[in-house]
Amino acid sequence: MTTFKTTELSNPEFESNHLRFMTIKTPNLKGRGDICVFVPPFKDLKDVPIITLLHGVYGSAWIWAHKAGVHFTALQMMQEGKIKPMVLAMPSDGLWGDGSAYLPHSGKDFEAWITTDVNQAVIENIACTSKTSPLCIAGLSMGGYGALRLGAKYPEIYKGLSGHSSITNKNQMHLFVEEDENNYNQENLTDEDVFLLLQKNKLRLPPFRFDCGMNDLLIEQNRTLHQRLKKEHIQHIYQEFEGKHEWSYWQEHIKDTLLFFDSVLD
């Protein structure tokens with residue numbers, strides 16, 4: 001039995017580079033949502049980890065693959081024995097405005113879409129995964145915010161978290177979107193702030209890391225998060241690298257995330 005009223009899957013005859021595409025209808029979006037999935041091409045896989053990769057503003061389900069080539073990076077790392085096989089689930093954010101911020105608002109639950117629907121859709125449609133597949137979540141920019149925030153809010157769901165060039169609070173969305181930032185307001189202000197959620201659940205957090213380019217417009221926000229976490233003695237990994245808020249940076253440093261997840265799932 002399937003969870004969703006309708007599910008459309010790409011035809012294997014026309015797929016390429018081990019990418020599958022699915023569109024599912026969910027009450028959380030009051031309509032359809034897209035997921036691009038990289039399925040590792042190895043035999044006899046089962047219970048494979050599911051890594052959710054969240055995109056930033058302006059993007060959609062295709063962008064991690066077709067702007068960063070993450071599926072090529074992951075496959076090469078698997079073939080070289082640097083990481084074990086993983087399924088990469090790359091959902092849209094729900095396609096609200098310039099970006100939904102993966103928060104519940106405007107009558108839709110973009111949060112539950114990621115934390116519930118995406119995982120269930122992959123488990124139901126990708127044969128090498130199952131209910132026992134461990135879950136990790138990562139993202140860039142707005143997606144980094146989504147990954148760290150959702151992982152902090154639901155520490156029981158994910159085994160590892162990672163953010164690249166992350167927004168750290170809802171009040172930074174105005175740097176990227178034309179929509180009124182008040183659209184993203186939450187009833188509980190803690191739900192808007194990555195640090196407050198990490199602090200609230202600090203005794204239950206999965207391992208997590210985040211990084212930022214030294215010339216990124218969000219570098220000070222990331223440094224501030226790092227310092228606040230240090231002050232609270234919340235264990236984490238923070239790294240800075242050369243680079244800006246751009247795809248060449250994320251294409252390179254997604255490798256750090258994949259290696260990190262492989263280590264925490266070992």
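Author: Contact means heavy atoms within 4.5 Å. Keep in mind that you're looking at a predicted model, where local features need pLDDT of at least 70, side-chain atom pairs count only at pLDDT 80 or more, and totals for chains, interfaces and linings use all residues. Residues are numbered from 1 along each chain as its sequence is written, and side-chain values use heavy atoms, with hydrogens and water left out.

Reader: Okay, let's try it on His164. Which residues is His164 in contact with, leaving aside neighbours within four places in sequence?

Author: Its partners are Gly139, Leu140, Ser141, Arg209, Asp211, Trp250, His253, Ile254 and Thr257. His164 itself belongs to strand β9, residues 160-164 (strands are DSSP E runs of at least two residues, helices H or I runs of at least four, numbered from the N terminus).

Reader: And is His164 buried or exposed?

Author: Buried means under 20% relative accessible area, exposed over 50%, partly exposed in between, using a 1.4 Å probe and protein chains only. His164 comes out at 0%, so it counts as buried.

Reader: How do I read a nonpolar core, and which residues touch the most other members of the largest one?

Author: Nonpolar side chains tend to be buried together in soluble globular proteins. A core here is a set of buried Ala, Val, Leu, Ile, Met, Phe, Trp, Tyr and Cys residues joined through side-chain atoms within 4.5 Å. The largest one has 55 residues, and Ile35, Ile114 and Phe208 touch the most other members. Helix α3 (residues 110-125) supplies the largest share of this core, with seven residues.

Reader: What is Ile35 in contact with, beyond its neighbours within four places in sequence?

Author: Quite a list: Arg20, Phe21, Met22, Ile24, Ala61, Ala89, Met90, Pro91, Trp113, Val118 and Ala121. Apart from the largest core there's another one, of 29 residues, including Ala61, Trp64, Trp250 and Leu258.

Reader: Now the cysteines. How many disulfides does a search of the whole structure find?

Author: A disulfide is a pair of cysteine sulfur atoms within 2.5 Å. The search turns up zero of them.

Reader: Why is Cys36 without a bond?

Author: Because the closest cysteine sulfur, in Cys128, sits 14 Å from the sulfur of Cys36, and that is too far for a bond. Taken from the other end, Cys128 is in no disulfide either, with the sulfur of Cys36 as its nearest cysteine sulfur.

Reader: Are those two buried or exposed?

Author: Cys36 is buried, at a relative accessible area of 0%. Cys128 is buried too, at 10%.
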